[in-house]
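User: Hi! I am new to protein structures and would like to learn how to read one. Could we go through it step by step?

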Amino acid sequence: MRWLFLLPWLLFLLGLLPLAQGEPLGQVERGLTLFVVGLLLAAVASLYSRFPVGFRVQFALVLGLGLLALTLALESALAFTGREGSLYTALSGALGAATLGAAFFLGTGREAPLLPALEGVGTREDLLRLAGALEGLALRRELVLVYFSAPLPPERLMRELRRGDLAFRLEGGYLLVLQGGRPEDAAGLLKRLKERFPLAAYAVERWRGGSLERVLARLEAESLLQT
């Protein structure tokens with residue numbers, strides 16, 4: 001989600017709200033220190049919005065760090081205005097720590113969770129939106145990518161896919177992401193498609209991580225060599 005990078009900044013600004021209700025008469029030096037640390041933490045949390053992991057893990061990381069940034073911003077504002085810490089600082093800190101713990105459990109384990117299925121065949125915009133999550137998943141679980149060109153209606157293609165497989169319609173053809181698949185599964189799928197539709201060109205790759213744009217460019221170039 002492209003908006004995710006804004007979340008920690010909004011939480012950080014939310015923590016500074018007490019400044020609007022009081023004069024800076026308190027511990028200015030301590031408040032300034034907390035402000036700078038909170039600002040840096042919000043910046044780090046914003047960078048994690050591009051971290052190559054699944055969306056749930058990514059969201060939990062950004063939210064957890066953002067809540068800790070909110071805690072520091074709130075402590076900073078209270079220090080500036082000479083007020084004592086409140087229940088809100090303890091609550092936001094505890095929620096931030098709990099959310100980071102949830103990110104750990106979501107991002108570890110014997111298997112990375114599969115991405116949820118799309119409603120039908122996705123577009124190139126859908127593929128770009130999921131790029132970070134797919135790149136993160138490929139680092140933890142081998143994905144099989146199939147790129148092919150064929151005059152095939154999207155709804156007909158969906159009948160050939162298994163549960164969990166993702167399909168995207170691009171300018172020159174279709175890209176399939178077999179999340180739990182093996183190369184043999186890709187071979188069986190291509191065999192069925194060849195029997196029922198005229199495939200102009202196709203390419204298959206076992207993807208173990210890296211840039212989605214680069215691997216897609218390789219697949220497109222390989223299929224173009226066949227035409």
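Analyst: Happy to help! Let us begin with the idea of a pocket: it is an open set of grid points where a probe fits, with protein on both sides within 12 Å along at least five of seven lines. A volume is then the space filled by probe spheres set on those points. Keep in mind that this is a predicted model. Here, the second largest pocket has a volume of about 160 Å³.

User: Which residues line the second largest pocket?

Analyst: A residue belongs to the lining if it has an atom within 4 Å of a pocket point. In this case the lining consists of Leu14, Gly15, Leu17, Pro18, Leu67, Leu70, Leu74, Tyr88, Leu91, Ser92 and Leu95. Three elements, α1 (7-15), α3 (55-81) and α4 (87-107), each give two or more residues to this lining. The biggest contribution comes from α4, which gives four residues.

User: How many residues of each class are in that lining?

Analyst: The lining holds nine nonpolar residues and two polar ones, with no charged residues.

User: Tyr88 is one of the lining residues. Is Tyr88 buried or exposed?

Analyst: Here a cut-off helps: a residue is exposed when its relative accessible area is over 50%. Tyr88 counts as exposed because its relative accessibility is 62%. This residue lies in helix α4. Its C-alpha is 9.6 Å from that of Gly15, although the two are 73 residues apart in sequence. Gly15 is on the list of lining residues too.

User: Now I would like the wider view. How many helices and strands does the chain have?

Analyst: The chain has nine helices and four strands. Their order along the sequence is α-α-α-α-α-α-β-α-β-β-α-β-α. Of the 227 residues, 44% are buried. The chain exposes about 12,700 Å², and carbon and sulfur atoms supply 61% of that area.

User: How do I read contacts between parts that are distant in sequence?

Analyst: Take the contacts between residues at least 6 apart in sequence and ask what share joins residues at least 24 apart. In this chain the share is 75%.

User: Which residues of helix α6 are buried?

Analyst: Helix α6 covers residues 131-140, and seven of its ten residues are buried. They are Ala131, Gly132, Ala133, Leu134, Gly136, Leu137 and Ala138. A general idea is useful when you look at any helix: an α-helix has 3.6 residues a turn, so residues three or four places apart point the same way.

User: Could you show me a polar side chain in its surroundings? Where is Gln58?

Analyst: Gln58 sits in helix α3. Residues under 20% relative accessible area count as buried, so Gln58, at 7%, is buried. A polar atom of its side chain lies 2.8 Å from the backbone oxygen of Ser49. The C-alpha of Gln58 is also 9.9 Å from the C-alpha of Ala45, which is 13 residues away along the chain.

User: And what is Ser49 in contact with?

Analyst: Ser49 belongs to the loop between α2 (28-47) and α3. This residue is buried as well, because its relative accessible area is 9%. Apart from neighbours within four places in sequence, Ser49 is in contact with Leu4, Phe5, Gln58 and Val62.

User: What about residues that are partly exposed?

Analyst: That label goes to residues between the buried and exposed cut-offs. Helix α8 (residues 183-196) offers Arg196 as a case. Arg196 is partly exposed because its relative accessible area is 45%. Leaving out residues up to four places away in sequence, Arg196 touches Arg156 and Glu160. Its C-alpha is 9.7 Å from that of Leu152, 44 residues apart along the chain. Ala187 also lies in helix α8, and at 47% relative accessibility Ala187 counts as partly exposed. The C-alpha atoms of Ala187 and Val146 are separated by 9.5 Å, with their places 41 residues apart along the chain counted as the distance apart.

User: Thank you, that gives me a way to start!

Note on methods
Residues numbered from 1 in each chain as written. Predicted model: local features only at pLDDT ≥ 70, side-chain atom pairs only at ≥ 80, totals over all residues. Heavy atoms only, no water. Buried < 20%, exposed > 50% of the residue type's maximum accessible area, 1.4 Å probe, protein only. Contact = heavy atoms within 4.5 Å. Areas by Shrake-Rupley, 256 points an atom, 1.4 Å probe, with all protein chains shown as cover. 1 Å grid on protein atoms, 1.4 Å probe; cavity = no way out; pocket = protein on both sides within 12 Å on 5 of 7 lines; lining within 4 Å. Nonpolar A, V, L, I, M, F, W, Y, C, P; charged D, E, K, R; others polar. Polar contact = N/O pair within 3.5 Å; in protein donor to acceptor, adjacent residues only side chain to side chain.
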